[in-house]
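Subject: Structure handover

Hi,

Here's the structure I promised to pass on. Have a look at it first, and then read on for what turned up.

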Amino acid sequence: MREVAIIGTGLVTFGEMWSKSLRQLWTEAALNALEDAGVDAVDFITVGCMSSGLFTGQEHLVSLLADELGVAGVPAMRVESACASGGLSLRAAFAEVASGLADVALVTGVEKMTDVDGSDATYALGTAADQEWEGFHGITFPGLYAMLARIHMAEYGTTSKQMAQVAVKNHANGLLNPHAQYHLKVGVDDVLGSTLVADPLHLLDCSPITDGAAALVIASVERAKEIAGDRPMIKITGSGMATDTISLANRADLSELAAVRLAGERAYAMAGREPADIHVAEVHDCFTIAEIMATEALGFFERGEGGPAVKRGLTALDGKIPVNTSGGLKAKGHPVGATGVAQVAEIVTQLRGEAGQRQVQGARIGLAQNMGGSGGSSVVHILEVE
Amino acid sequence: MFSPARAWREFPRRYRLEASRCEGCSKILYPARLVCPSCGGREFTDETLPRDGKILTFTVVRVPPAGFTEQTPLPIALVELDNGARVMVQVGDVEDPDTLEIGTPIRLEFRRVSWDGEAGVIFYGHKAVPA
């Protein structure tokens with residue numbers, strides 16, 4: 001396998017972008033990434049998208065979007081792993097470049113979610129759960145994570161207040177991110193006082209419904225050296241992916257996210273790193289309990305210590321392992337297919353030292369963890385600056 | 001999605017709780033599968049799920065998906081039945097969901113689960129009620 005580097009990132013501001021279509025959001029992000037990388041041609045495109053069909057009625061995105069970018073003819077592949085589609089988009093392109101099939105690839109993710117109303121969006125997201133045996137009964141994604149939260153609380157003593165502190169931290173970070181959907185200072189009492197969505201999760205324990213797109217340009221290290229000049233070289237040193245049962249009923253252990261643990265172990269092994277080596281991480285906080293469980297599954301904390309770690313500030317910007325410096329899904333927004341790509345863009349920004357007020361000083365090794373459904377799939381990437 | 005054919009196909013499992021037991025490792029599979037996820041076995045015997053069990057975890061859905069907007073707040077639980085099988089079901093006959101707890105004994109009862117205006121299908125299945 002060849003070494004692969006990330007040479008460009010492209011974001012659009014996330015939010016309820018009623019004036020913009022899926023193709024506009026995507027093309028803006030793609031152009032931003034190409035400009036950042038300083039390239040005008042790519043030989044492969046990946047598109048991470050969960051459900052453009054249910055959200056917008058449009059499938060066959062690869063051709064639609066390649067054409068929209070004016071590069072029809074270039075091979076393109078759409079990947080879907082529910083909310084982990086973006087992370088998988090990077091992994092698919094990484095494999096393409098590492099294998100030598102492509103030299104320069106455009107990695108993208110997109111989701112246009114606000115063209116349907118709330119109950120249809122809840123339904124569309126719910127298709128990432130087992131439709132015959134979970135969805136049939138009316139369960140939702142907040143509901144599934146609420147079930148996991150209740151078990152974590154019973155087993156380890158995790159509290160609603162600790163979960164609320166995840167939201168407080170991530171909204172504080174989001175205030176420093178110009179691309180975030182929400183620039184909103186949130187306190188523990190705001191979270192605990194917000195309406196219940198699925199007991200014990202409150203509205204402010206949940207990530208929002210968001211329109212957005214994100215893009216990266218990756219290249220073989222040889223090509224990256226030619227293109228990037230003096231810019232810091234950000235290498236993808238680890239890539240791990242894992243699946244787990246989609247339904248909670250079939251899952252052996254409901255107090256851990258096994259797919260996250262496995263994906264993390266695989267990424268650490270490829271990179272020759274361990275959890276203590278990571279300087280900054282973006283993890284999949286679709287719900288506050290998800291961040292707590294993900295930081296445990298990634299080995300940053302022992303099982304059951306994820307909640308207390310937030311309370312002690314260990315995951316804050318100035319903590320031992322800053323988590324979700326971008327504001328996370330919670331504050332930055334969660335355009336499902338774009339999320340995994342945007343997470344990696346944040347890590348690249350941190351490793352380049354270009355994160356401004358939210359910069360983690362001395363960050364040289366970063367990790368991004370993306371997750372599908374209620375932990376049914378997960379993708380982890382480790383990036384290092386040379 | 002919510003088609004009459006789907007409803008019909010699922011009758012044995014949803015109406016009669018038909019499951020299967022792996023001959024290799026005795027795991028109960030509900031619904032039945034072609035391959036046992038525990039041991040890889042492919043030989044099974046039919047078994048009907050017991051109706052009694054307890055709540056493993058639960059929630060109250062207050063923001064429902066399309067198709068369930070008339071049923072909120074909607075308590076839903078993951079229950080473990082007496083033979084170890086786990087099923088996700090709505091919880092019925094509960095006036096105050098705050099009275100539910102992990103470990104609450106339940107019994108499965110045949111109930112109407114949802115109804116779909118477009119396809120005209122009424123879906124029946126089992127709900128858990130506090131025993």
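Below are my notes, one part of the structure at a time.

First, a caveat: this is a predicted model, so please read everything below with that in mind.

**Helix α6 of chain A**

I'd start with α6(A), which runs over residues 141–156. With 16 residues at 1.5 Å each, the expected span is 22 Å, and the C-alpha atoms at its two ends do sit 22 Å apart, so the length agrees. Is this helix enclosed or open? Of its 16 residues, 13 are buried, so the rest of the structure largely encloses α6(A). Right after the helix comes Gly157(A), with a positive phi of about 80°.

**How α6(A) packs on α11(A)**

Two packed helices are described by the angle between their axes and the distance between those axes. For α6(A) and α11(A) (residues 288–297), the angle is about 55° and the axes are 9 Å apart. Angles from 65 to 115 degrees would count as roughly perpendicular and those under 35 as roughly parallel; the pair falls in neither range, so α6(A) is oblique to α11(A). The crossing is left-handed.

Which residues make the contact? From α6(A) they are Tyr145(A), Leu148(A), Ala149(A) and His152(A), and they meet Ile289(A), Ala290(A) and Met293(A) of α11(A). Sorted by type, that contact has six nonpolar residues, one polar and no charged.

**Where chain A touches chain B**

α6(A) turns up again here. Chain A puts 27 residues into the contact and chain B puts in 26. On the chain A side, α5 (118–126), α6 and β5 (196–198) each contribute at least two residues. The largest share, seven residues, belongs to α6(A). By type, the chain A side splits into 15 nonpolar, eight polar and four charged residues.

**Helix α1 of chain A**

α1(A) covers residues 22–37, so to speak a second helix to check for length. Its 16 residues reach 23 Å from first C-alpha to last, close to the 22 Å expected at 1.5 Å a residue. Its buried residues include Leu22(A), Leu25(A), Trp26(A) and Leu34(A), along with several alanines, among them Ala29(A), Ala30(A) and Ala33(A). What covers them includes the strands β1 (4–11), β4 (104–111) and β7 (212–220), and the helices α2 (52–56), α3 (61–68) and α9 (221–228), of chain A. After α1(A) comes Gly38(A), whose phi is positive, near 75°.

**Chain B**

Chain B has two helices and eight strands. Reading from the N terminus, the order is α-α-β-β-β-β-β-β-β-β. The C-alpha trace spans about 45 × 35 × 20 Å along its principal axes. Of its 131 residues, 35% count as buried. Among contacts between residues at least 6 apart in sequence, 47% join residues at least 24 apart.

One residue to click on is Tyr124(B), in strand β8 (residues 121–130) of chain B. Buried or exposed? It has 16 C-beta neighbours inside 10 Å, so Tyr124(B) counts as partly exposed; buried would take 20 or more. Arg111(B) is 13 residues away from Tyr124(B) in sequence but 5.7 Å away in space, C-alpha to C-alpha. Beyond its neighbours within four places in sequence, Tyr124(B) is in contact with Arg14(B), Tyr15(B), Phe110(B), Arg111(B), Arg112(B) and Val113(B).

Cheers

Methods
Residues are numbered from 1 along each chain as its sequence is written. Chains are lettered from A and ligands numbered from 1 in the order in which they are written. This is a predicted model: local features need pLDDT of at least 70, side-chain atom pairs count only at pLDDT 80 or more; totals for chains, interfaces and linings use all residues. Helices (H or I, at least four residues) and strands (E, at least two) are DSSP runs, numbered from the N terminus. The expected span of a helix is 1.5 Å times one less than its number of residues. A residue is buried if 20 or more other C-beta atoms lie within 10 Å of its own, exposed if 12 or fewer, and partly exposed in between; C-beta atoms are placed from the backbone. Axes are lines fitted to C-alpha atoms, for helices over the stretch in contact, and angles run from 0 to 180 degrees between N-to-C directions. Angles under 35 degrees count as roughly parallel, over 145 as roughly antiparallel, 65 to 115 as roughly perpendicular and the rest as oblique. A crossing is left-handed if the near helix is turned anticlockwise from the far one by less than a right angle, and right-handed if clockwise. Two residues are in contact if their C-beta atoms, placed from the backbone, lie within 7 Å. Ala, Val, Leu, Ile, Met, Phe, Trp, Tyr, Cys and Pro count as nonpolar, Asp, Glu, Lys and Arg as charged, and the others, Gly among them, as polar.
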